[in-house]
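Student: Could you take me through one part of this protein in detail, and then show me how it sits in the whole? I would like a close look at a single loop residue and its surroundings.

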Amino acid sequence: MNISYNWLKEYLKFDLTPQQTSDVLTHIGLETESVEEVQTFKGGLEGLVIGEVLTCVDHPNSDHLHLTTVDIGDGNEPLNIVCGAPNVAAGQKVVVATVGTTLYSGDEEFKIKRSKIRGEESVGMICSEAELGLSDNHDGIIVLPEDAVVGTPAAEYYNVKSDWVFSIDITPNRVDAASHYGVARDLAAWLKQQGKPFSLTKPSVDDFAIDKTDGGIEVIVENKEACPRYSGLTIRGVTVKESPDWLKNKLLLIGLRPINNIVDITNFILYETGHPMHAFDAAYIKGDEVVVRTLPEKTKFTTLDEQERELSDKDLMICNSDEGMCIAGVFGGMYSGVTEKTTDVFLESAYFHPTWVRKTARRHGLNTDSSFRFERGADPNNTVYVLKRAAMLVKELAGGEISGHIRDVYPVEIKIPKVALTFDKINKLIGKEIPKEDIRSILKSLEIDIVIEVESGMVLSIPTYRVDVTREVDVIEDILRIYGYNNVEISDSLKANLSYQTPTDRKQKLQTLISEQLTANGFNEIMNNSLTKKSYYEKLETYPLKNCVSLVNPLSNDLSVMRQTMLFGGLESIVYNRNRKHADLKFYEFGNCYFFDAEKKSNRDILSEYSESTYIGLWITGKRTHKNWAAPEEQSSVFELKAHIENIMTRIGIGHDRLVYEPLQNDLFSAAMTIGTNNRKFGYFGVVSKTIRKSFDIDSDVFFAEMNWDLLMKESEKQSVQFSEISKFPAVSRDLALLIDKNITFAQIEQVALKSERKLLKNVVLFDVYEGKNLSEGKKSYAVNFIIQDEDKTLTDKQIDKVMSKIQQNLQNELGAQLR
């Protein structure tokens, strides 16, 4: 963005040179790419002079060229110039480029040389508007008024001004500085902290007055989401003409081409305040009403560039009672703009929702000065000020009467944001303790009001034009850039505590440990996109679509929501590998899942309606072993998956005796169990349902486990993995054949046994299951092995019998188990 040094000084009186100003702007976060001395006309019209055409005859060797003699008032012989313009004639006052002059036309430049054209000598050029950069018009030469003085330098005649222009690279978050007053406001804050003299003045609109209370055009806003605020004003009886030199020069210096006084005023306001405006020819506002709404899908609309575009029903339009006039916040229409024939104008100053403007601009491939600002966030509380400022300039430069009151549709006022700031956080982030008085001064200079202040910090009221300041860290960044990055000294000492381990360090360390363990057991790590298909969740009850975090502007329908479970990403990886003849697979993945709670949103609990957690996912499918001379072929099973889960638990310090399994029924699995402890559930595992497998065209079983890694870290944070020496005393093995009800699980047997003997019983293993003949109805037989060991001595038969008797008795009492 181009900022004029002299224009800047109209709002801010200060003593810095252009180069010093450039350095300060970069210092406070407005990076200046270049500082260039420019003129209102490129090259300053050097070498051009006002002349008079004395004679004009047809070229003897051409049917369209003319031979002219031109007096340029230097006391020498008139210049012979060959001219091809159809409107050249004797007696005209013209602009002449003498030999050696460099002309600039757009991005091209060329030097005038003495030459022969069709055999006739030419020592100069009579210029058109295009050669001077006044317009793109090549149709004829410039014919000046008769009172133009021959010999006057063109730079003097056109009142060429010189200025310094800063090319500032505005980052997306600093749209508040996308104007001359915005830059002046930021620069004033720095000058204040440095104790340098300055005076910041915002143009006053106190003299604004309504001329007539009737005659105003009405405003109707139908889509209040896309247009939270719309302000408009009617001015009748204006005279559209060329802008005065001061206005044209301002626009030319920053690279804009003047059009007419009304359009130039809206462009001037844009670069003065940063707020886009639009001027409509009131004659084209049918029904004397402006309606802000969308139009039906595929409606045709011709824009200012004479292109016919197909509108989306999501494109906000500024319409009259019958048709669209302008794409809101993006681009004007072909027929509703201001021309020399316009006598009545309607000025628009609005606040359009950034997302709507951005989507519309992208849909149509448009990037305008207006859309640049609206899609980053304009100031909703500045529309009326901007409208008054523009109306006063219109009356000054084009005459007319303000008809009717300002139409300001603002149904729901956008509240001024509040941010809590603590002094401790400021000092920690910056790395230096900044005096509280300096902090207060910086905040005041940035127009950030202190609502409440206590010993530990303050509550701040943020101006609505600072759309980028929503968090404590944003305020701290502002404080630092005005205070000065260079004022934060680099200490000679190294401040570190190598023994300190943060929760994040522990989490990452254990994640690496488990990754290594799973890889050693034949698993491959996968990494899937957190963005996934909406269709996966449309029919799920376990993870309903309403709980998905949806993207506002998705790149495609395949990547429109954030995942709630890691299952589908893993299934996509399985399909990818199976299609390439890799059917026997073991995958694991660490990643985040994301959730939206509609109930919390309805309760306005904005701090917790969105959540995310880290999960670990495991997938097994295909064969566990292939047929060979040493072993038969064996398919993978859910019990293999369960073994890997328990190995993970053991590795992070959660023992088998603490694990609790419960049956689970949901639409992800055909059979499944939850896994957890008495404190909490942290995951589940099972056989993926046939319906889901079929949707991925997978014809073999897939075993899947998913556990909340964050909950596992909480569960294991007080646990430690301890290693002990192998006991030199022998372990004893005992078996029991138990007759039990069919609804009894091995987990229940294991739990009762371990509770019966906590010290000596080391392991419980199920090695045989029998159901069928010779058993009563509803019964089954489990063969269970018990390992008993004392770390300090050899067990006696009496001790062993006592332990086994106690286990047997408890199994009978609690589970009704009987010995076969």
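**A close look at one loop histidine**

Tutor: Happy to. Let's start with His59, which lies in the loop that links β4 (48-58) to β5 (66-71). Please keep in mind as we go that this is a predicted model. Is His59 buried or exposed? His59 has a relative accessible area of 3%, and because buried means under 20%, His59 counts as buried. Which residues does His59 touch, once its neighbours within four places in sequence are set aside? The contacts are Leu65, His66, Leu67, Val82, Ile117, Arg118 and Glu120.

For contrast, look at another loop residue. Gly133 is in the loop between α3 (129-132) and α4 (154-157). With a relative accessibility of 36%, Gly133 is partly exposed, because that class lies between the 20% and 50% limits. Leu45 is 88 residues away from Gly133 along the chain, yet their C-alpha atoms are separated by 9.9 Å.

Now a sheet from further along the chain. Its five strands follow the order β15-β18-β21-β22-β23, and this open sheet has mixed pairing. The edge places go to β15 (218-221) and β23 (331-332); each has a single partner strand, so one side of each has no neighbour in the sheet. As background, strands in a sheet pair through backbone hydrogen bonds, in either a parallel or an antiparallel way. Here β15 and β18 (residues 289-294) run parallel and are joined by four bridges. One residue pair to find on your screen is Val221 with Val292, its bridge partner in β18.

Stepping back to the whole protein, there are 21 helices and 43 strands. The C-alpha trace spans about 135 × 65 × 60 Å along the principal axes. The radius of gyration is 40 Å, whereas a compact globule of 820 residues would have one near 28 Å. Buried residues, His59 being one of them, make up 48% of the 820 residues. If we take contacts between residues at least 6 apart in sequence, 70% of them join residues at least 24 apart.

Finally, the surface and the charges. The accessible surface of the protein is about 42,500 Å², and carbon and sulfur atoms hold 47% of it. The protein has 95 positive and 120 negative charges, and the mean positions of the two sets are 10 Å apart.

How values were computed
Residues are numbered from 1 along each chain as its sequence is written. This is a predicted model: local features need pLDDT of at least 70, side-chain atom pairs count only at pLDDT 80 or more; totals for chains, interfaces and linings use all residues. Side-chain values use heavy atoms; hydrogens and water are left out. Two strands pair if DSSP finds at least two bridges between them. Helices (H or I, at least four residues) and strands (E, at least two) are DSSP runs, numbered from the N terminus. The radius of gyration is taken over C-alpha atoms; the globule rule is 2.2 Å times the number of residues to the power 0.38. Buried means under 20% relative accessible area, exposed over 50%, partly exposed in between (1.4 Å probe, protein chains only). Contact means heavy atoms within 4.5 Å. Accessible areas come from the Shrake-Rupley method with a 1.4 Å probe; for residues, only the protein chains shown count as cover. Lys and Arg count as positive and Asp and Glu as negative; His and the chain ends are not counted. The place of a charge is taken as NZ of Lys, CZ of Arg, CG of Asp or CD of Glu.
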